[in-house]
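This report walks through one protein model, from its helices to its loops and its confidence values. Keep the sequence and the structure in view while reading.

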Amino acid sequence: MDNYLPRTRGNASAARDQDIRSPPRFFCAGDLSQGATRDLPQAAAHHAARVLRLTVGDAVTVFNGAGGESAACILSIGKDHVAVRVGPWRSREAEPSVRVVLLQGLSARERMDFTVQKAVELGVAEIFPVEMRRSVMRLAEERATRRVEHWQNLAIAACEQCGRNRVPEVHPVSALPEWLGAHPAAPGQRLILSTVAERRLRDLSAPQELLLLAGPEGGFAPEELEMAQGCGFTAVRLGPRVLRTETAALAALAAIQALWGDL
């Protein structure tokens with residue numbers, strides 16, 4: 001379009017940086033038709049204007065989570081908003097070939113944040129936070145809702161950073177027995193990470209869909225392992241070392257992508 005005129009930053013060093021780096025990426029829900037004018041969400045606007053210090057005319061990329069992305073340029077910057085004009089759409093995707101859903105035992109604040117962020121970077125499709133017997137963190141209903149919103153925002157930020165155009169959903173917190181009761185069967189392989197398992201990931205055949213269950217800081221209680229295995233979960237180990245909760249799921253996701261995905 002004639003009025004779609006993105007440019008690089010004004011000074012020479014910024015222009016050289018723009019040549020090296022891709023334009024900043026921002027999630028923007030809703031219509032991204034070419035030529036549309038959209039306001040970035042508040043957090044994204046703050047990051048664009050106050051952290052990256054972008055200016056009018058700078059090139060950015062926007063995506064709405066439905067797949068693909070659009071080139072865009074900054075149209076205006078105000079005290080608390082940034083407006084962009086949407087340019088051409090492109091069908092670029094960064095989703096792995098194996099679809100992995102993470103069922104993660106609740107852990108303390110920073111550990112859970114780290115797990116959510118890095119799991120999204122490693123290609124997880126959905127995240128179910130699950131309260132278990134040995135979970136250190138306990139969340140009342142209102143607090144749990146706020147934490148899920150926080151984790152969903154972390155997932156969005158991770159997609160902006162890593163180049164994914166489909167945002168994984170972070171589901172409401174549930175107790176493990178409740179989750180297993182509500183999901184008695186699901187397509188694909190079901191795996192539970194266990195330090196006492198005999199099987200390893202590489203002993204398994206390549207799945208197209210996979211549900212991965214990882215424990216909290218204190219690990220699984222014996223009855224939880226039994227309950228999960230009774231619901232079709234196969235216990236697997238990640239070597240002879242005992243991994244922390246924020247390491248275990250991420251190590252498994254990286255191994256899954258290396259064995260059967262796109263690493």
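## Helix α7

The model is predicted. In it, α7 has 16 residues, which at 1.5 Å a residue should span 22 Å. The end C-alpha atoms of α7 are 23 Å apart, which agrees.

Which residues of α7 are buried? They are Thr245, Glu246, Ala248, Ala249, Leu250, Ala252, Leu253, Ile256, Gln257 and Trp260. These buried residues pack against two strands given here with their ranges, β6 (99-105) and β12 (209-214), and also against α3 and β10.

## The α3–α7 pair

Helix α7 covers residues 245-260 and packs on α3 at an angle of about 10°. The two axes lie 9 Å apart. An angle under 35 degrees counts as roughly parallel, and α3 and α7 are therefore roughly parallel to each other. From α3, the contact draws on Arg111, Phe114, Thr115, Lys118 and Ala119. From α7, it draws on Thr245, Glu246, Leu250 and Leu253. Sorted by class, the contact of α3 with α7 has four nonpolar, two polar and three charged residues.

Thr245, Glu246, Leu250 and Leu253 of α7 thus serve in this contact and are also listed among the buried residues of α7.

## Helix α4

Helix α4 runs over residues 141-162. Its 22 residues should span 32 Å at 1.5 Å a residue; the end C-alpha atoms of α4 are 31 Å apart, which agrees.

The buried residues in α4 are Ala144, Arg147, Val148, Trp151, Gln152, Ala155, Ile156, Ala158, Cys159 and Glu160. What do they pack against? The helices are α2 (42-51) and α3 (109-121). The strands are β1 (25-27), β3 (59-63), β7 (126-131) and β8 (169-170). Helix α3 is thus a packing partner of the buried residues of α4 and of those of α7. Just after α4 comes Gly163, with a positive phi of about 100°.

## Loops and a strand residue

Arg53 sits in the loop between α2 and β3. Its phi is positive, about 55°, although Arg53 is not a glycine. Is Arg53 buried or exposed? Its relative accessibility is 58%, so Arg53 counts as exposed.

Pro184 lies in the loop between α5 (176-182) and β10 (189-193). Pro184 also counts as exposed, because its relative accessibility is 58%. Setting aside residues up to four places away in sequence, Pro184 touches Arg190 and Cys231. Pro184 and Glu217 are 33 residues apart in sequence; in space their C-alpha atoms are 25 Å apart.

Gly30 belongs to the loop between β1 and β2 (37-39). At 44% relative accessibility, Gly30 counts as partly exposed. Beyond neighbours within four places in sequence, Gly30 is in contact with Arg38 and Asn64. Gly30 and Phe63 are 33 residues apart in sequence, and 9.1 Å apart from C-alpha to C-alpha.

Ala59 is placed in strand β3. With 15% relative accessibility, Ala59 counts as buried. Along the chain, 15 residues separate Ala59 from Ile74; the C-alpha atoms of the two are 6.6 Å apart.

## The chain as a whole

The protein chain has seven helices and 13 strands. Its C-alpha trace spans about 65 × 40 × 30 Å along the principal axes. Of the 263 residues in the chain, 46% are buried. Among contacts with a separation of 6 or more, 70% join residues 24 or more positions apart.

## Confidence

How far can the coordinates be read? The mean pLDDT of the chain is 89, and 91% of the residues reach 70 or more. Among the elements, β8 has the highest mean pLDDT, 98. Helix α1 (residues 12-20) has the lowest, 44.

Residues 1-5 have pLDDT below 50, and beyond near neighbours in sequence this stretch has 12 contacts in the model. Over residues 7-19 the pLDDT stays under 50 as well. For residues 7-19 the model has 18 contacts beyond four places in sequence. Where pLDDT is low, predicted coordinates should not be read in detail.

Key:
Residues numbered from 1 in each chain as written. Predicted model: local features only at pLDDT ≥ 70, side-chain atom pairs only at ≥ 80, totals over all residues. Heavy atoms only, no water. Helix = DSSP H or I, 4+ residues; strand = E, 2+ residues; numbered from the N terminus. Expected span 1.5 Å × (residues − 1). Buried < 20%, exposed > 50% of the residue type's maximum accessible area, 1.4 Å probe, protein only. Contact = heavy atoms within 4.5 Å. Axes fitted to C-alpha atoms, helices over the stretch in contact; angles between N-to-C directions. Parallel < 35°, antiparallel > 145°, perpendicular 65-115°, else oblique. Nonpolar A, V, L, I, M, F, W, Y, C, P; charged D, E, K, R; others polar. pLDDT = per-residue confidence, 0-100.
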